[in-house]
Amino acid sequence: MSKSPYAIDRRQGRNGIDSCGACGSSIALVHPTPDHPAMPWRCRACDALYLAAPQKRMGTTFQGGVRQAFYMDVIERAALAAPNQQHELSSEDLLQLQQCTRRAARSGESRSQLRYPVVTPVSIVPLAADFRIAGPRTTAHTIDVSCGGLGLSTSAPTSAAYLAVEFLIESISMPAVILRPVRREGGGQEFTVAGEFVCRIQY
């Protein structure tokens, strides 16, 4: 297989996404990190949506094979309305959520992080290993939060490599984040997912 014309220089030390997982076309994206947050991108060839970071060439953003999209494109593609019922959070719970999601970085193994029991509705969008939108948007609830990650309760199992998580709290603005599941449990009508923060979603 010939090398993509958009293949990233491996000396940059970041994982490149140089072909679209949907159509195989050459694209120029990289895995997002806490220092390089995810942004919405669209494959020029097939319109597949990604939540990834752009490549940098000579210090500037390089948009080979992709064009910048809007976060609303992701929401519309997933096609799910927010739930009618909003769970009331205490000011202390909101503060913990804000502090932890603001960092959204893995500072050590998430199981060693101090966890706070916070229950609030969220939407989740499954992402493939290349951070491509891989399924419909669904609702879930947080179980707990730490500065390393989140625990989620869902009504259906998920095998997604990553999850885009948006907090459905009308009273306050919360950053959407990407979560990497590290444990999945449950059966019947309830499943749990424990994950580590990868980065914020910038839009």
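Biologist: How many residues lie between β8 and β9 in their hairpin?
Modeller: This is a predicted model. In it, β8 and β9 form a hairpin. The number of residues between the two strands is three.

Biologist: Do β8 and β9 run parallel or antiparallel, and how many bridges join them?
Modeller: Strand β8 covers residues 138-145. Within this pair, H141 stands opposite S153 of β9. The two strands run antiparallel, and the bridges joining them number four.

Biologist: Which residue of β12 is the bridge partner of G151?
Modeller: β9 also pairs with β12, again in the antiparallel sense. Six bridges link these two strands. G151 has its bridge partner in β12, and that partner is A194.

Biologist: In what order do the six strands close into a barrel?
Modeller: The pairing in this barrel is antiparallel. From one strand to the next, the twist averages 45 degrees. The strand order is β7-β8-β9-β12-β11-β10.

Biologist: How many of the six residues of β9 are buried?
Modeller: Strand β9 spans residues 149-154. On one side, G149, G151 and S153 are buried. On the other side, L150, L152 and T154 are buried too. Both faces are covered, and the count of buried residues is six of six.

Biologist: Which element gives the largest share of the largest nonpolar core?
Modeller: Nonpolar side chains tend to be buried together in soluble globular proteins. Here the largest nonpolar core has 29 residues, and those with the most contacts inside it include I27, Y50, L127 and I201. Elements that give two or more residues to this core include β2, α1, β7 and β12. The largest share is four residues, and it comes from β4.

Biologist: How many residues does the second, separate core have?
Modeller: This core stands apart from the largest one. Among its members are V145, L163, F167 and I169. Its residue count is 17.

Biologist: Why is there no bond between the sulfurs of C23 and C46?
Modeller: A disulfide needs two cysteine sulfur atoms within 2.5 Å. For C23, the closest cysteine sulfur is in C46, but that is too far for a bond. The structure holds zero disulfides. The distance from the sulfur of C23 to that of C46 is 3.6 Å.

Biologist: Is C147 buried or exposed?
Modeller: Buried means under 20% relative accessible area. C23, at 37% relative accessibility, counts as partly exposed. C147 has a relative accessible area of 15%, so C147 is buried.

Terms used:
Residues are numbered from 1 along each chain as its sequence is written. This is a predicted model: local features need pLDDT of at least 70, side-chain atom pairs count only at pLDDT 80 or more; totals for chains, interfaces and linings use all residues. Side-chain values use heavy atoms; hydrogens and water are left out. A nonpolar core is a set of buried Ala, Val, Leu, Ile, Met, Phe, Trp, Tyr and Cys residues joined through side-chain atoms within 4.5 Å. Buried means under 20% relative accessible area, exposed over 50%, partly exposed in between (1.4 Å probe, protein chains only). Two strands pair if DSSP finds at least two bridges between them. Axes are lines fitted to C-alpha atoms, for helices over the stretch in contact, and angles run from 0 to 180 degrees between N-to-C directions.
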